[in-house]
Amino acid sequence: MKIHENISLKSYNTFGIDQKAPLLIEAENEADVLEALRLYPNLKVLAGGSNILLTQAPEVPLLHLTQKGITVLYEDQETVWVRAAAGECWSDFVDYCVAQGYAGVENLALIYGTVGAAPVQNIGAYGVELKDVFKSCEAIYRENRIKINIERAGCAFGYRDSIFKQRKDTYIITSVTFCLTKQNHQFKTHYGDIRARLAAHGWEETPQHIAQVVKEIRQSKLPNPNKLGNSGSFFKNPVIPRSQFLELQKSYPHIPHYEVGEEQVKVPAAYLIESCDLKGYRIDAVGVHQGQPLVLVNYGGATGAAILALAHYVQKQVAQRFGITMEMEVNIW
Ligand code: EPU
């Protein structure tokens, strides 16, 4: 266990916000997690820092899980169960699976953050969500510091949602087990221009090729946090009642949408924000990304408060124009 006092969090959050943590504990294994919890029952987990906005210095100690390791637990001809430690970098984990020819996570290539944080918001991209490949996870139940195994059915996964998000600070995920496919995989290539890009390369549908085109698409639209601070999609795509959508469609006949069920329709927040002429909008060091307006960016030296103020401004403009409340996807600290 490593303990850092009064440490800058700039390199611990992808927005690159410079706040100081009074205490940051690096847990290298499960024993460290248990010890940290015993010493500081009120600690908060800081994982890859790719889905948080620091608006103030954290008041409680932070726990950063660094344990890595990928283990094949079971395999037969068709499937493989792979367990990854919480501290594994998500993107490295995808690269590992793809290199082994294991299918299921290729659409989730190049998402920032760690394996342990991935179930919390049920990360998703290009028609695949974590829940599609999640088998179970191991977690410490904070109240009694006992390790438990949670199966998929117990996770209440939804769009960018899970039991870990709903019951905040209840569990600390220490590893995740995935159920992946070794052959006969039903690849999901319907989203965006995945198929067009595969065809342009003359590539078959394989985990490697799909991961490669997903990386190309992401790199063309989403800013690299190492160059421009950001936290991916700042807002969730709003799900609205069908009646409200039909009304909107009268004024905006080309409004894009996805069917969610009989009663609900999902509309892209990026479209709503762009329609408010906010694409590329900038105030001082903060802005709405030109390539994908769902992403708010730190041009350098921004405070969390300034980014939050911009988020509120964007929310207000969209609400005034469309009567839709966009929920923040990023956790405000
Ligand atoms: N759009 C615009 N203007 C733009 C960009 C997009 O109007 O400048 C509209 C278009 O109609 C487009 C639609 O928005 O078809 C969807 O855009 P995109 O495919 O870029 O995806 P998104 O809905 O904006 C979601 C996820 C992303 C994920 C992509 C791809 C959420 C909140 N975000 O974005 O996830 O990578 O789909 O699957 O669901 C993240 O969560 O951090 C994230 C990046």
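Is Thr14 buried or exposed? Select Thr14 to find out: its relative accessibility is 15%, so Thr14 counts as buried. Keep in mind during this tour that the model is predicted.

**Stop 1: Thr14**

Thr14 sits in the loop that runs between E1 and strand E2 (20-27). Show its side chain and add Asn230 to the selection. The side chain of Thr14 reaches the backbone oxygen of Asn230 at 2.7 Å.

**Stop 2: the N-terminal end**

Go to Met1, in the segment before strand E1 (2-8). With a relative accessible area of 34%, Met1 is partly exposed, because values between 20% and 50% fall in that class. Add Ile3 and Leu39 and switch on the surface: together with Met1 they make a nonpolar surface patch of about 240 Å².

**Stop 3: the ligand**

Centre the view on the ligand. How many residues surround the ligand? There are 24, and the closest are Tyr126, Tyr159, Tyr191, Glu274 and Lys279.

Display the side chains of Tyr159, Asn237 and Lys279 for the polar contacts. An N or O atom in the side chain of Tyr159 is 2.7 Å from an oxygen atom of the ligand. For Asn237, a polar side-chain atom lies 2.8 Å from a ligand oxygen atom. Lys279 likewise places a polar side-chain atom 2.7 Å from an oxygen atom of the ligand. The ligand taken alone exposes 820 Å², and the protein buries 81% of that.

Now colour the shell by secondary structure. Two or more residues of the shell come from each of these elements: strand E8 (124-125), helix H5 (207-221), strand E13 (229-233) and helix H7 (269-275). Which element gives the most to the shell around the ligand? The answer is H7, with three residues. Colouring by residue class instead gives 12 nonpolar, five polar and seven charged residues in the shell around the ligand.

Stay here and select Glu274 and Lys279 as a pair. Both are among the closest residues to the ligand, and their side chains meet in a salt bridge, 3.5 Å from N to O. Glu274 counts as partly exposed at 39% relative accessibility, and Lys279 is also in the partly exposed class, at 30%.

**Stop 4: strand E8 and the loop before it**

Select Gly124, which is found in strand E8. Its relative accessible area is 12%, so Gly124 is buried. Draw a distance from its C-alpha atom to that of Val105: the two residues are 19 apart along the chain, and the C-alpha atoms are separated by 9.8 Å.

Next, pick Asn122, in the loop between helix H2 (90-100) and E8. Asn122 counts as buried, with a relative accessibility of 0%. Check its backbone torsions as well: phi is positive, about 45 degrees, although Asn122 is not a glycine.

**Stop 5: Asp169**

A second residue to check for phi is Asp169, in the loop between helix H3 (163-166) and strand E12 (171-181). Phi of Asp169 is near 60 degrees, a positive value in a residue other than glycine. At 43% relative accessibility, Asp169 counts as partly exposed.

**Stop 6: salt bridges**

How many salt bridges does the structure hold? The count is 16, and the pair Glu274 and Lys279 at the ligand is one of the salt bridges.

Move to helix H1 (residues 30-39) and select Glu35 and Arg38, which lie three residues apart, about one turn of the helix. The closest N and O atoms of this salt bridge are 3.0 Å apart. Glu35 is partly exposed with a relative accessible area of 29%, and Arg38 is partly exposed with 46%.

Then take Glu247 and Lys250 in helix H6 (residues 242-251). Because Glu247 and Lys250 are three residues apart in this helix, about one helical turn separates them. They form a salt bridge whose closest N and O atoms are 2.8 Å apart. Here Glu247 is partly exposed, with a relative accessible area of 47%, whereas Lys250 counts as exposed at 62% relative accessibility.

For the last selection, show Glu129, Lys131, Asp132 and Lys188 together. These four residues are linked in a network of salt bridges.

Methods. Residues numbered from 1 in each chain as written. Predicted model: local features only at pLDDT ≥ 70, side-chain atom pairs only at ≥ 80, totals over all residues. Heavy atoms only, no water. Patch = residues over 30% accessible without salt bridge, like charges linked within 9 Å, V, L, I, M, F, W, Y side chains within 5 Å. Areas by Shrake-Rupley, 256 points an atom, 1.4 Å probe, with all protein chains shown as cover. Helix = DSSP H or I, 4+ residues; strand = E, 2+ residues; numbered from the N terminus. Buried < 20%, exposed > 50% of the residue type's maximum accessible area, 1.4 Å probe, protein only. Near = heavy atom within 4 Å. Polar contact = N/O pair within 3.5 Å; in protein donor to acceptor, adjacent residues only side chain to side chain. Nonpolar A, V, L, I, M, F, W, Y, C, P; charged D, E, K, R; others polar.
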